Amino acid sequence: MKKSVISKEQKVVLSKTYGWIILIGLIILDAFLDIIFAEGKGLESNILKPIADLFGISNPLFLTPLIIIIFYFGVKGGAWLIRKADKLENKSEELVLTTLVIVYGILVLWLISVYLFNFTLIKNHYYLIPILIIIGIAYSWWAEKKLKIKN
């Protein structure tokens with residue numbers, strides 16, 4: 001009888017499969033929160049309004065496939081930049097995807113806290129942008145350092 005060896009290797013990034021499943025779930029949850037609590041007013045933002053008007057979309061849930069496509073190309077482009085600039089050939093796409101999941105997950109948690117619990121410490125979502133950028137950069141630097149040590 002063979003003993004199975006459990007690897008103590010620390011995983012710092014999500015696999016592509018789990019990352020995309022979680023990200024798609026977060027996008028759909030964000031769309032549902034917008035429909036239920038904001039009556040679709042998220043489509044009136046400066047970024048999404050031209051896109052929604054171009055395609056004639058009035059329900060945020062119908063914009064979900066386009067957002068997924070935009071994130072897909074963003075992840076691919078970010079991974080390419082990491083491979084070129086940071087010379088991290090292995091797991092660059094997973095690093096970008098995991099960073100996006102973390103940042104978008106925090107945004108969705110903030111939306112849930114505002115809509116369900118009336119959390120008003122951060123009154124405007126624009127104030128959250130620098131915080132999300134700092135969190136994303138901090139995680140990316142930490143994970144990149146760990147990934148470079150493994151290689």
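Me: Before we start, what do you count as exposed, and what as buried?
Reply: A residue is called exposed when its relative accessible area is over 50% and buried when that value is under 20%, with partly exposed in between. Please keep in mind throughout that this is a predicted model.

Me: Good, so where does Asn118 fall, buried or exposed?
Reply: Asn118 has 60% relative accessibility, and because exposed starts over 50%, Asn118 counts as exposed.

Me: And where does Asn118 sit, and what is its phi?
Reply: Asn118 belongs to the loop that connects α4 and α5, and its phi is near 55°, which is a positive value in a residue other than glycine.

Me: What about Lys91, which loop is that in and what is its phi?
Reply: Lys91 lies in the loop between α3 and α4, where its phi is near 70°, again positive although the residue is not glycine. Its relative accessibility is 37%, so Lys91 counts as partly exposed.

Me: Which residues with positive phi follow α1 and α3?
Reply: Glu39 follows α1 and has a positive phi near 50°, while α3 is followed by Lys87, with a positive phi near 60°.

Me: Let me step back. How many helices and strands does the chain have?
Reply: The chain has five helices and zero strands, so that, read from the N terminus, its elements run α-α-α-α-α. The C-alpha trace spans about 55 × 35 × 35 Å along its principal axes.

Me: How much of the chain is buried, and what supplies the exposed area?
Reply: Of the 151 residues, 34% count as buried. The chain exposes about 10400 Å², and carbon and sulfur atoms supply 68% of that area.

Me: What share of the contacts join residues at least 24 apart?
Reply: If you take the contacts between residues at least 6 apart in sequence, 69% of them join residues at least 24 apart.

Me: Now α1. How far does it reach, and what is expected?
Reply: Helix α1 has 23 residues and reaches 31 Å from its first C-alpha to its last, which is close to the 33 Å expected at 1.5 Å a residue.

Me: Which of its residues are buried, and what do they pack against?
Reply: The buried residues of α1 include Gly19, Trp20, Leu23, Leu26, Ile27, Asp30 and Asp34, and the buried residues of this helix pack against α3 and α4.

Me: Why would residues three or four places apart point the same way?
Reply: An α-helix has 3.6 residues a turn, so residues with that spacing point the same way.

Me: And α3, which residues are buried there, and what covers them?
Reply: In α3 the buried residues are Thr64, Ile67, Phe71, Val75, Gly78, Ala79 and Ile82, and what covers them includes α1, α2 and α4. Helix α3 also has 23 residues and reaches 31 Å, close to the 33 Å expected.

Me: Glu93 caught my eye. Is it buried or exposed, and what does it touch?
Reply: Glu93, which lies in helix α4, counts as buried because its relative accessibility is 10%. Leaving out residues up to four places away in sequence, Glu93 touches Lys16, Val75, Lys76 and Ala79, and of these Val75 and Ala79 are among the buried residues of α3.

Me: Over to Leu132, where is that and what does it touch?
Reply: Leu132 has its place in helix α5 and is buried, with a relative accessible area of 10%. It touches Val103, Ile106 and Leu107, again not counting residues up to four places away in sequence. The C-alpha atoms of Leu132 and Leu100 are separated by 10.0 Å, and the two residues are 32 apart along the chain.

Me: Last topic, the largest pocket. How much space lies in it, and which residues are closest to its centre?
Reply: About 1400 Å³ of space lies in the largest pocket. It is lined by 38 residues, of which Asp30, Ser45, Leu48, Leu107 and His125 are the closest to its centre. Two of these names have come up already, since Asp30 is buried in α1 and Leu107 is touched by Leu132.

Me: Which helix gives the most to the lining?
Reply: Helix α4 gives the most, with nine residues, although α1, α2, α3, α4 and α5 each supply at least two.

Me: How many of the lining residues are nonpolar, polar and charged?
Reply: The lining divides into 27 nonpolar, seven polar and four charged residues.

Terms used
Residues numbered from 1 in each chain as written. Predicted model: local features only at pLDDT ≥ 70, side-chain atom pairs only at ≥ 80, totals over all residues. Heavy atoms only, no water. 1 Å grid on protein atoms, 1.4 Å probe; cavity = no way out; pocket = protein on both sides within 12 Å on 5 of 7 lines; lining within 4 Å. Points joined across faces, edges and corners; volume = space filled by probe spheres on them. Helix = DSSP H or I, 4+ residues; strand = E, 2+ residues; numbered from the N terminus. Nonpolar A, V, L, I, M, F, W, Y, C, P; charged D, E, K, R; others polar. Buried < 20%, exposed > 50% of the residue type's maximum accessible area, 1.4 Å probe, protein only. Contact = heavy atoms within 4.5 Å. Areas by Shrake-Rupley, 256 points an atom, 1.4 Å probe, with all protein chains shown as cover. Expected span 1.5 Å × (residues − 1).
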